[in-house]
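Hi,

Here is the structure I promised to pass on, with the sequence alongside. Have a look at it first, and then read on for what turned up.

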Amino acid sequence: MLLQVGGKRSALGLLAIRRVWSMSRSAHTAPQTLEYKPIKKVMVANRGEIAIRVFRACTELGIRTVAVYSEQDTGQMHRQKADEAYLIGKGLPPVAAYLHIPDIIKVAKENGVDAIHPGYGFLSERADFAQACMDAGVRFIGPTPDVVRKMGDKVEARAIAFSAGVPVVPGTDGPISSLQQAQEFSNSYGFPIIFKAAYGGGGRGMRVVREYEELEENFQRAYSEALTAFGNGALFVEKFIEKPRHIEVQILGDKYGNVIHLYERDCSIQRRHQKVVEIAPAAHLDPHLRDRLTADSVNLARQVGYENAGTVEFLVDKHGKHYFIEVNSRLQVEHTVTEEITDVDLVHAQLRVCEGRSLPELGLKQDKIRINGYAIQCRVTTEDPARGFQPDTGRLEVFRSGEGMGIRLDSASAFQGAVISPHYDSLLVKVIASGKDLPAASAKMSRALAEFRVRGVKTNIPFLQNVLSNNQFLNATVDTQFIDENPDLFNLKPVQNRAQKLLHYLGHVMVNGPTTPIPVKAKPSPIDPVIPPVPLGEPPVGFRDVLLREGPDGFAKAVRAHQGLLLMDTTFRDAHQSLLATRVRTHDLKRIAPFVAHSFSNLFSVENWGGLFDISLLIASFPVFVRFCEVAKENGMDIFRVFDSLNYLPNMLLGMEAAGAAGGVVEAAISYTGDVSDPTRQKYSLDYYLKLADELVKAGTHILCIKDMAGLLKPDSGHLLVSALRDRFPDVPIHVHTHDTAGAGVAAMLACAEAGADIVDVAVDSMAGMTSQPSMGAIVACTKGTKLNTGISLEKVFDYSEYWEVTRGLYAPFDCTATMKSGNADVYENEIPGGQYTNLHFQAHSMGLGNKFKEVKKAYAEANKLLGDLIKVTPSSKIVGDLAQFMVQNSLTRAEVEERADELSFPLSVVEFLQGHIGIPHGGFPEPFRSKVELERGKTLHIKALALGDLNKAGQREVFFELNGQLRSVLVKDTMAMKEMHFHPKALKDVRGQIGAPMPGKVVEVKVKQGQQVEKGQPLCVLSAMKMETVVNSPLSGTVAKIYVTADSTLEGDDLILEITE
């Protein structure tokens, strides 16, 4: 869009003679040359991004720069961007330092400053400051003191506008200083009315009053805010226009009477009268209305002899009528969007005009000013939209901005490690997007905001993203009630913040140690285990000799031809993993190994290594996996049990091929779940397992295994499944693995053996039962003298068991019996695998949730259903467990998880499962659950711990990491050190009468006394943060029991203010 608009009206005003004289001078070059005086050094009497904006313009023009800063701003970026920087307001409060005119003038004179730029806010609209500059022989980059006074006095500005024929809103004739004057105005004009600071803007000192009962409180708050922000609490009152558009016109004047406009900006999107999003030009603005707005602005500026940059602000009602509000005789926060659409550098122009250049000399003529496209500015602030835009303070742990074509960033303290204090404005960075039209600019802005990563403080970015995607914003006009009338803007998408959460956790562990306490006081037994006697010489031959002599095929035939039941001993691996949390040392395993070799040579095998290999790596580099198996074989591994937690055949075939290529015995395992004897449970039916077995046998497995990790095989179902497999594959050995969680493991294994199983897994008696394997001694005793006789000596089993019984005492703190006294048949319902059952039970007790373990188990069952009823074997069992814990921690039901799946931040294991990282489950992925979950691929975090910092005054230590190659740090509270330090008490949320600070800030006023009776809703105290005041009201009626704060107290969020007893 290319638009050219010019003002057509003119009027003589109060300064007509001066203007005519000035205009006559502008036609001659000689007077201009005489008036021109270059600026060599500029001070900015401000802070933050506007100071840096001016410094940059000065540097571009070859002008030296000077910064001033308060004691609280020692670490701020604007200090470092200037050529020189000086402290002002020593000993003064943070805002007062920037309002201290004598200090500022002193620094300017002592350091050769010949011009001062006031920025915006603070002293920018103070006529006495402009006059002080002139009196000191320092130029003020802005209008003359007289114009600043006239425009800064909102009442006089209204009178001037009225005399110029510009429509104005009904208001008081002069500033008011008493509540009675406000009451008189409201009696005359009715409600609603609005208080405005007479000597400043930016939403400070502005309060809308809709009924008489609110008048006194809002008058006091507006007066106090204006006094704090501008050094003058004077107010004026206007009739409040409902639902107007807020349109402002940028003007620029010189010393010779030339005034031009640079078109308008739409600033209607506001929150608490503070602009949030600004647009230039105003969308859907009638061209005739644009002409009237710009003409009135230029005429008003000419009437007062305006020079330098300024803004004339209007309200436009729903009928298209416009009303003058005020003139801001300074540079505006949102000047950036005007610069983007007109290609005019306003700060350059300010500096050149101050030097004495005329607008025509600078090439700034009205007919040359054109609109090119659209620009949007978003003010990214450290405010939390979810909590009523409460300011947030703290340290920026992470800051990464959005950039790219069409994006401009104006910022100051937006960098990693910056500290956001409660003393100043909450503005973090201004993001400006430009495009050929409003949708194009909006798209660029949305993209840029999505790229931002800000951690450590809350920001309004999620809210801004909602504004930019709102149909009314994109396709229609918006008014000042836009935010209030669109509650969906507050449906904020939560940020995941995964990396920083992980760093905080790791940092906490580094500073304070593990967060999960051992839930028992048991200590290791002082008794060392005694090794049973071991015969001299070599151990007897066993099935391994058959394997070495005849190879895997011959070994499988020998196993199948063996008379009696063969046992595999899991004591060396799965048993201690299930019962002792995998804490058993190699030392204790090696000591008993010779006895096992001599006494149990007729075992099928000893399980002594649980190697799980990531199938993604296997697929990525199959030769590497083959080599992995070869090395394992060379170092004593004989039998490779190959399984997949989802029975995903492509994964299993790769594993079988690799193990076979290494020369190992391939034992392909069917992971079992469900109940084949229950006709109502058909997802994992007998037919399903038989078809899977067909594929495994066809692929060349030497042994067929049933891997029942949860111990779900009942005697009936075990007999049914093994019988069917034996009938289908009469020559293939069958091996059965289970857990004894329900206590039916011995019966189930005997049933399987009766049905034709060749091998079953057991653990020595003292390491058997519960979540481990069935008892070796029980199986040996029950089969003795039968066709299933194991040939194992019970006496040897007893000796073996005694060793492990004493050894187990060495691991008492980790023994599952410390918290779990028996198995539980509810495993048939929740289907939790044995080792995982132990771990979950231990964790529940560690976190003080032992009495809620039933809920954890129920959540596990619900999580399993959510994921589509999975086979639960490592790693799928972990996925179900992670989702179950997520549900318990967040108090979510299955229905709530399904409903909110598109907004919840699920554990990574769950997301990766739904992405297909571990294969495709039988029956496919659960829908519509899977489609709702946000699936992100390729998110890998590389973290390296670097260093631990010293203790600071807040009881914290800085912990340094390297995250994906970049330095990151987090502040972690040292819990031990903090016990010896004094801190302000926090309000306990579950104690009804404790009133906490809703946000960080400073106490301005305590409005009650100890012992005073208060009513619900009565003001208790006033907090100030980011120069805005918030009243803390009583949530209940009662008596003030104790007050913990005084005026000027500095508080953090949730700090205890007072206690009320009912």
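Strand 11, residues 259-271, is mostly covered: 13 of its 13 residues are buried. Do keep in mind as you read that this is a predicted model.

Which strands does strand 11 pair with? On one hand there is strand 10 (residues 245-253), joined to strand 11 in the antiparallel sense over six bridges. On the other there is strand 12 (residues 274-280), which also pairs with strand 11 in the antiparallel sense, over four bridges. Asp 266 is a handy residue to click on here. Asp 266 of strand 11 is the bridge partner of Ile 247, and Asp 266 also stands opposite Ile 279 in strand 12.

Both pairings are hairpins. Between strand 10 and strand 11 there are five residues, and Gly 257 in that turn has a positive phi of about 90 degrees. The hairpin of strand 11 and strand 12 has two residues between the strands, with Arg 272 in the turn at a positive phi of about 55 degrees.

Next, another sheet. Strands 32, 33 and 34 make an open sheet of three strands in the order 32-33-34, with antiparallel pairing. Why is one side of strand 32 and of strand 34 left without a neighbour in the sheet? Strand 32 (943-951) and strand 34 (966-973) stand at the edges and each has a single partner strand, so one side of each has no neighbour there. Neighbouring strands in this sheet are turned by 25 degrees against each other on average, ignoring direction. Strand 33 (residues 956-963) is joined to strand 34 by eight bridges, and the two run antiparallel. If you want a spot to zoom in on, Phe 961 stands opposite Arg 968 in strand 34. There is also a helix on this sheet: helix 18 (residues 498-512) packs on it and touches strand 32, strand 33 and strand 34. The direction of helix 18 makes about 55 degrees with that of strand 34.

Then a pair of helices. Helix 20 (residues 571-580) and helix 29 (residues 794-809) pack at an angle of about 40 degrees, and their axes are 13 Å apart. That angle makes helix 20 oblique to helix 29. Their crossing is right-handed. Which residues make the contact? From helix 20 they are Thr 571, Phe 572, Leu 579 and Leu 580, and from helix 29 they are Tyr 800, Trp 804 and Arg 808.

On to the charged side chains. As general background, side chains of opposite charge can pair when their charged atoms come close. How many salt bridges are there? The count comes to 63 salt bridges, and here are a few to look up.

Arg 149 and Glu 156 meet through their side chains in a salt bridge (2.9 Å, N to O). Arg 149 is partly exposed at 38% relative accessibility, and Glu 156 is partly exposed too, at 23%.

Glu 1005 and Arg 221 form a salt bridge at 3.8 Å, N to O. Glu 1005 lies in strand 36 (residues 1001-1006) and Arg 221 in helix 11 (residues 215-230), so this pair ties together parts that are 784 residues apart in sequence. Is each partner buried or exposed? Glu 1005 is partly exposed, with a relative accessible area of 31%, whereas Arg 221 counts as buried at 4%.

Arg 560 and Asp 758 also meet in a salt bridge (2.9 Å, N to O). This pair links distant parts of the chain, 198 residues apart: Arg 560 is in helix 19 (residues 543-561), and Asp 758 is in the loop between helix 27 (745-755) and strand 31 (759-762). Arg 560 is partly exposed at 26% relative accessibility, while Asp 758 is buried at 6%.

Some salt bridges share partners: Glu 248, Arg 265, Lys 275, Glu 278, Glu 313, Glu 334 and Arg 379 are joined into one network this way.

One last residue to visit is Thr 172, in the loop between helix 9 (154-163) and helix 10 (179-189). Thr 172 has a relative accessible area of 10%, so it counts as buried. What does Thr 172 touch, leaving aside its neighbours within four places in sequence? Thr 172 is in contact with Val 155, Arg 158, Phe 185, Phe 236 and Val 237.

Cheers

Notes: Residues numbered from 1 in each chain as written. Predicted model: local features only at pLDDT ≥ 70, side-chain atom pairs only at ≥ 80, totals over all residues. Heavy atoms only, no water. Buried < 20%, exposed > 50% of the residue type's maximum accessible area, 1.4 Å probe, protein only. Contact = heavy atoms within 4.5 Å. Salt bridge = Lys/Arg side-chain N within 4 Å of Asp/Glu carboxyl O. Pairing = 2+ DSSP bridges. Axes fitted to C-alpha atoms, helices over the stretch in contact; angles between N-to-C directions. Parallel < 35°, antiparallel > 145°, perpendicular 65-115°, else oblique. Left-handed = near helix turned anticlockwise from the far one by under 90°.
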